[in-house]
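Open the model in a viewer and set the side chains to sticks. The stops below concern aromatic rings.

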Amino acid sequence: MKLPGLMLATAMLALCADAATARAETFKVRTTGDLLAVCAPGKAGAASAGAVQFCDGFIVGTGQLYKALRQAGAIDKEWACAEPAPAVTRIREAFVSWARAHPERHGETAVDGFWRAAAATWPC
């Protein structure tokens with residue numbers, strides 16, 4: 001699965017993004033700080049179950065993209081290694097803990113902050 005598989009995965013992600021645009025815009029998750037606000041239950045506007053569900057969807061989607069890119073050879077070196085894969089709740093808790101401890105990273109993109117947290121929690 002090289003270029004054709006990567007193109008298919010990208011197209012599928014674009015379709016999913018279009019379907020979720022209204023929800024994504026509601027939470028406006030652009031930075032690591034934004035993602036923390038959504039993923040931390042009861043903190044900074046994340047009191048709703050919808051916010052936590054959005055966070056969990058971000059985690060699952062980001063993980064699926066990472067896996068597809070690894071399989072396609074687009075990512076040469078693994079960023080995080082956890083076998084077996086932890087439950088989404090555990091991943092969310094690890095991200096929240098890491099993000100709270102690293103406020104200097106809150107301005108980075110949400111995906112970069114998420115993967116920094118995963119790499120720090122489950123180093124290869």
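The tour goes through two ring pairs and then the cluster that contains them.

Keep in mind that this is a predicted model. Select every Phe, Tyr and Trp side chain to begin; the structure holds seven aromatic pairs.

**Stop 1: Trp-79 and Trp-115.** Measure between the ring centres, and the distance is 5.5 Å. The planes stand at 65°, and an angle over 60 degrees counts as edge-to-face, so this pair is edge-to-face. Now colour by secondary structure. Trp-79 sits in the loop between α3 (49-71) and α4 (88-101), while Trp-115 belongs to helix α5 (residues 110-121). The pair thus links distant parts of the chain, 36 residues apart. Switch on the surface to compare the partners: Trp-79 is partly exposed at a relative accessible area of 38%, whereas Trp-115 is buried at 13%.

**Stop 2: Phe-95 and Phe-114.** Select these two rings next. Their centres are 6.2 Å apart and their planes make an angle of 40°, so the pair is tilted. Phe-95 is in helix α4 and Phe-114 in helix α5, so the contact ties together parts 19 residues apart in sequence. Hide the surface again to see them: Phe-95 is buried, with a relative accessibility of 2%, and Phe-114 is buried too, at 4%.

**Stop 3: the cluster.** Keep the four rings selected and add Phe-58 and Tyr-66. Which residues form one aromatic cluster? They are Phe-58, Tyr-66, Trp-79, Phe-95, Phe-114 and Trp-115. Both pairs from the earlier stops therefore belong to this cluster.

Terms used. Residues are numbered from 1 along each chain as its sequence is written. This is a predicted model: local features need pLDDT of at least 70, side-chain atom pairs count only at pLDDT 80 or more; totals for chains, interfaces and linings use all residues. Side-chain values use heavy atoms; hydrogens and water are left out. Rings of Phe, Tyr and Trp (its six-membered ring) pair if their centres lie within 6.5 Å; planes under 30 degrees apart count as stacked, over 60 as edge-to-face and the rest as tilted. Helices (H or I, at least four residues) and strands (E, at least two) are DSSP runs, numbered from the N terminus. Buried means under 20% relative accessible area, exposed over 50%, partly exposed in between (1.4 Å probe, protein chains only).
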